[in-house]
Amino acid sequence: MPTPAAASTAAVSPPGTAADSGVASTSMAAASASLTHSGNKSRERGDSFGDSSGSAKQQHKKDGEMEEETTISPKQQEIPMAIHYMASFHEICVVTALLPLVTLFTCFVTAYVFQYDDVHETHCRVYNIVPSISAITGVSPQRYFWRFSIALHIGPRIPIAFVYKNYYRAQLARLAPSLVPKTSWLITLILVLNCIEIAALGGVTYISNRENYPVHERIFITFMICSLCYMLATIKLNSILNARQTLTEHQRLSIKWKKILFVASILSTIGLLVFFAKHRFYCHDLAFSWFAFFEYLIAIANMLFHFTIIWDFPSQFMLIVQGPPETLKNHLAGKPKLN
């Protein structure tokens, strides 16, 4: 039987006993739970940080897209299409063609009535009854009236020349492939001749024979040659484009009068040269009057030849349109072309 001292000794457990083991086990469990809880919180914080970072990236991406959209939007924004001006091309051509004819008639009447002696003066000093175009448009105030009308006439003539070029090129598709290069070259030649004729018209208008006769004479010769070549080339081109084609009434009238006016211009040119030689070298009476008469015929034939544009473009309009070039090109590309 143990003594009290022994019992007392047995009640006090030495280090490393089961009691210590239980305490340690409890502490380890608590520590493990604490670590688990901390890990969970850490993962929660990590998930929260990840979510926050992802949200920030998405927000940054959205901001970037909005900024890019703000930058590109004005460039990509389409300008609304609008027509600011529309005029009948037929009426423009009529006014352009008739303006010099009406002005020439006005200058002739006023100069013949009020300045008879001035407009009939020549170096031969022989009897004449018909003044030349250079004479009636070289005196004042007729010269200012004539120059003003020619300035208004030349303005539309330049775009009309390019309208004709595009009008002819639109008809190349109906030709055989072997004829296209030659016809295309002829269209370009017509454009060049037309532009030179317009420039020469301005030259003979603003450089009168009283101011500089040699230059005036050379420019007039240039005008005559380019005018006749332009007429001939235009008639030849129409015969190529309209071969084996059914023509409208307007087209038949246009081609018919072009041929008539070209023949009249050739005959008038021959008469002009004959009587110019008689006046210049022989000073025959009335030779200068006949020269002036044929000069008027050439001028009127030239004006009427260009007046046939009313049959070439009977119902077209001239527009000033607002809109993006790409949209306008796509819109026009979908329209039927002239064959």
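Which residues are buried in H9? The legends below, drawn from a predicted model, begin with the chain as a whole and return to this question at the third view.

**Figure 1. Overview of the chain and its elements.** The chain holds 12 helices and two strands. Read from the N terminus, the order of the elements is α-α-β-α-α-α-α-α-α-α-α-α-β-α. The chain has 339 residues, and 33% of them count as buried. Its accessible surface comes to about 21100 Å², with 66% belonging to carbon and sulfur atoms. Among contacts with a separation of 6 or more, 79% are made by residues 24 or more positions apart.

**Figure 2. His-84 in strand E1.** Strand E1 covers residues 82-88, and His-84 is part of this strand. Is His-84 buried or exposed? His-84 has a relative accessible area of 54%, and the cut-off for exposed is over 50%, so His-84 counts as exposed. Leaving aside residues up to four places away in sequence, His-84 touches Ile-320 and Gln-322. In sequence, His-84 and Ile-320 are 236 residues apart, yet their C-alpha atoms are 5.6 Å apart in space.

**Figure 3. Helix H9 and its buried residues.** Helix H9 runs over residues 249-282, which makes 34 residues. Its expected span is 50 Å at 1.5 Å a residue, and the C-alpha atoms at its ends are 49 Å apart, so the two values agree. The buried residues in H9 are Ser-254, Ile-255, Lys-258, Leu-261, Phe-262, Ser-265, Ser-268, Thr-269, Gly-271, Leu-272, Phe-275 and His-279. The partners against which the buried residues of H9 pack are helix H6 (142-169), H8, helix H10 (287-307) and helix H11 (309-312). After H9 comes Cys-283, which has a positive phi, near 55°.

**Figure 4. Thr-234 in helix H8.** Helix H8 takes in residues 213-241, and Thr-234 has its place there. Is Thr-234 buried or exposed? Thr-234 is buried, since its relative accessible area is 1% and buried means under 20%. Apart from residues up to four places away in sequence, the residues that Thr-234 touches are Tyr-168, Ile-190, Lys-258 and Phe-305. One of these, Lys-258, is among the buried residues of H9.

**Figure 5. The salt bridge between Asp-312 and Lys-258.** How many salt bridges does the count come to? The count comes to five salt bridges, and three of the pairs are shown in this view and the next two. Asp-312 forms a salt bridge with Lys-258, and their closest N and O atoms are 3.0 Å apart. Asp-312 is in helix H11 and Lys-258 in helix H9, and the pair links distant parts of the chain, 54 residues apart. Both partners, Asp-312 and Lys-258, are buried.

**Figure 6. The salt bridge between Glu-249 and Arg-252.** In this salt bridge, the closest N and O atoms of Glu-249 and Arg-252 are 2.9 Å apart. Both residues belong to helix H9, and because they are three residues apart, about one helical turn separates them. Glu-249 counts as partly exposed, with 46% relative accessibility. Arg-252 also counts as partly exposed, at 43%.

**Figure 7. The salt bridge between Glu-217 and Arg-280.** Glu-217 forms a salt bridge with Arg-280, with 3.5 Å between the closest N and O atoms. Glu-217 lies in helix H8 and Arg-280 in helix H9, so this salt bridge ties together parts that are 63 residues apart in sequence. The relative accessible area of Glu-217 is 23%, and this residue is partly exposed. Arg-280 is partly exposed as well, with a relative accessible area of 31%.

**Figure 8. The second largest pocket.** What volume does the second largest pocket have? Its volume is about 760 Å³. The lining is made up of 27 residues, and those nearest the centre of the pocket are Tyr-213, Phe-276, Arg-280, Phe-288 and Phe-291. Two or more lining residues come from each of helix H4 (116-119), helix H5 (133-136), H8, H9 and H10. Which element gives the most to the lining of this pocket? H8 gives the most, with eight residues. Arg-280, one of the residues nearest the centre, is also the salt-bridge partner of Glu-217.

How values were computed
Residues numbered from 1 in each chain as written. Predicted model: local features only at pLDDT ≥ 70, side-chain atom pairs only at ≥ 80, totals over all residues. Heavy atoms only, no water. Helix = DSSP H or I, 4+ residues; strand = E, 2+ residues; numbered from the N terminus. Buried < 20%, exposed > 50% of the residue type's maximum accessible area, 1.4 Å probe, protein only. Contact = heavy atoms within 4.5 Å. Expected span 1.5 Å × (residues − 1). Salt bridge = Lys/Arg side-chain N within 4 Å of Asp/Glu carboxyl O. Areas by Shrake-Rupley, 256 points an atom, 1.4 Å probe, with all protein chains shown as cover. 1 Å grid on protein atoms, 1.4 Å probe; cavity = no way out; pocket = protein on both sides within 12 Å on 5 of 7 lines; lining within 4 Å. Points joined across faces, edges and corners; volume = space filled by probe spheres on them.
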